Amino acid sequence: MDVDINTVIYIQKICKPAALHNQREIVGCLTQEVTRLEEENQKLNQTVLWMHQTIWSQLKRTRTLEREIQKLQNKLKKSS
């Protein structure tokens with residue numbers, strides 16, 4: 001699992017002793033991080049959905065083309 005450099009910097013920032021006293025700042029930072037991660041997750045889910053749809057579309061197209069090839073081969077055999 002790759003760790004984003006921004007995440008590392010963020011963790012270091014909230015673990016500083018001075019930052020530990022400011023809970024509102026920590027909550028705000030964590031809320032922003034959760035929002036960012038949710039947005040990233042949504043983009044990844046959309047990518048997976050697109051990939052899934054593309055794969056099935058290509059499989060259907062391949063099967064259709066294979067059937068057409070088979071039909072043409074059968075016609076060719078009959079005509080020869």
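# Report on a three-helix chain

The chain has three helices and zero strands. The model described here is a predicted one. Read from the N terminus, the order of the elements is α-α-α. Helix H1 covers residues 5-14, and helix H3 covers residues 23-79.

The chain consists of 80 residues, and 9% of them count as buried. Its exposed area is about 7600 Å². Carbon and sulfur atoms supply 60% of that area.

## A buried residue in helix H3

Glu 33 is located in helix H3. Is this residue buried or exposed? Glu 33 counts as buried because its relative accessibility is 13%, and the cut-off for buried is under 20%. Which residues does Glu 33 touch, if neighbours within four places in sequence are left aside? The contacts of Glu 33 are then Thr 7 and Tyr 10.

Helix H1 also includes Lys 13. With a relative accessibility of 39%, Lys 13 counts as partly exposed. Lys 13 and Cys 29 stand 16 residues apart along the chain, and 9.7 Å separates their C-alpha atoms.

## The salt bridges

Side chains of opposite charge can pair when their charged atoms come close. How many salt bridges does the structure hold? There are two, and they are listed in the table.

| Salt bridge | N to O distance | Spacing in helix H3 |
|---|---|---|
| Arg 36 and Glu 33 | 2.8 Å | three residues apart |
| Glu 40 and Arg 36 | 3.2 Å | four residues apart |

Arg 36 takes part in the bridge with Glu 33 and also in the bridge with Glu 40. Glu 33, Arg 36 and Glu 40 are thus linked in a network of salt bridges.

Why are Arg 36 and Glu 33 separated by about one helical turn? They are separated in this way because they are three residues apart in helix H3. Glu 40 and Arg 36 are also about one helical turn from each other, because they are four residues apart in helix H3.

The accessibility of each member of the network can be given in turn. Glu 33, at 13% relative accessibility, counts as buried. Arg 36 has a relative accessibility of 29%, so it counts as partly exposed. Glu 40 has a relative accessibility of 38%, so Glu 40 also counts as partly exposed.

## Patches on the surface

Two patches are described here, beginning with the charged one. Which residues form the positive surface patch? The members are Arg 63, Arg 67, Lys 71 and Lys 75. One of them, Arg 67, has its place in helix H3. Arg 67 counts as exposed because its relative accessibility is 52%, and the cut-off for exposed is over 50%.

The other patch is nonpolar, and its members are Trp 50, Met 51, Ile 55, Trp 56 and Leu 59. Together these residues have about 530 Å² of accessible area. Ile 55, one of the residues in this patch, is found in helix H3.

## Summary

Helix H3 contains Glu 33, Arg 67 and Ile 55. Arg 67 belongs to the positive surface patch, and Ile 55 belongs to the nonpolar patch. Glu 33 belongs to the network of salt bridges with Arg 36 and Glu 40.

Notes: Residues are numbered from 1 along each chain as its sequence is written. This is a predicted model: local features need pLDDT of at least 70, side-chain atom pairs count only at pLDDT 80 or more; totals for chains, interfaces and linings use all residues. Side-chain values use heavy atoms; hydrogens and water are left out. Helices (H or I, at least four residues) and strands (E, at least two) are DSSP runs, numbered from the N terminus. Buried means under 20% relative accessible area, exposed over 50%, partly exposed in between (1.4 Å probe, protein chains only). Accessible areas come from the Shrake-Rupley method with a 1.4 Å probe; for residues, only the protein chains shown count as cover. Contact means heavy atoms within 4.5 Å. Patches are made of residues with over 30% relative accessible area and no salt bridge: like charges are joined within 9 Å, nonpolar side chains (Val, Leu, Ile, Met, Phe, Trp, Tyr) within 5 Å. A salt bridge is a side-chain nitrogen of Lys or Arg within 4 Å of a carboxyl oxygen of Asp or Glu. Lys and Arg count as positive and Asp and Glu as negative; His and the chain ends are not counted. The place of a charge is taken as NZ of Lys, CZ of Arg, CG of Asp or CD of Glu.
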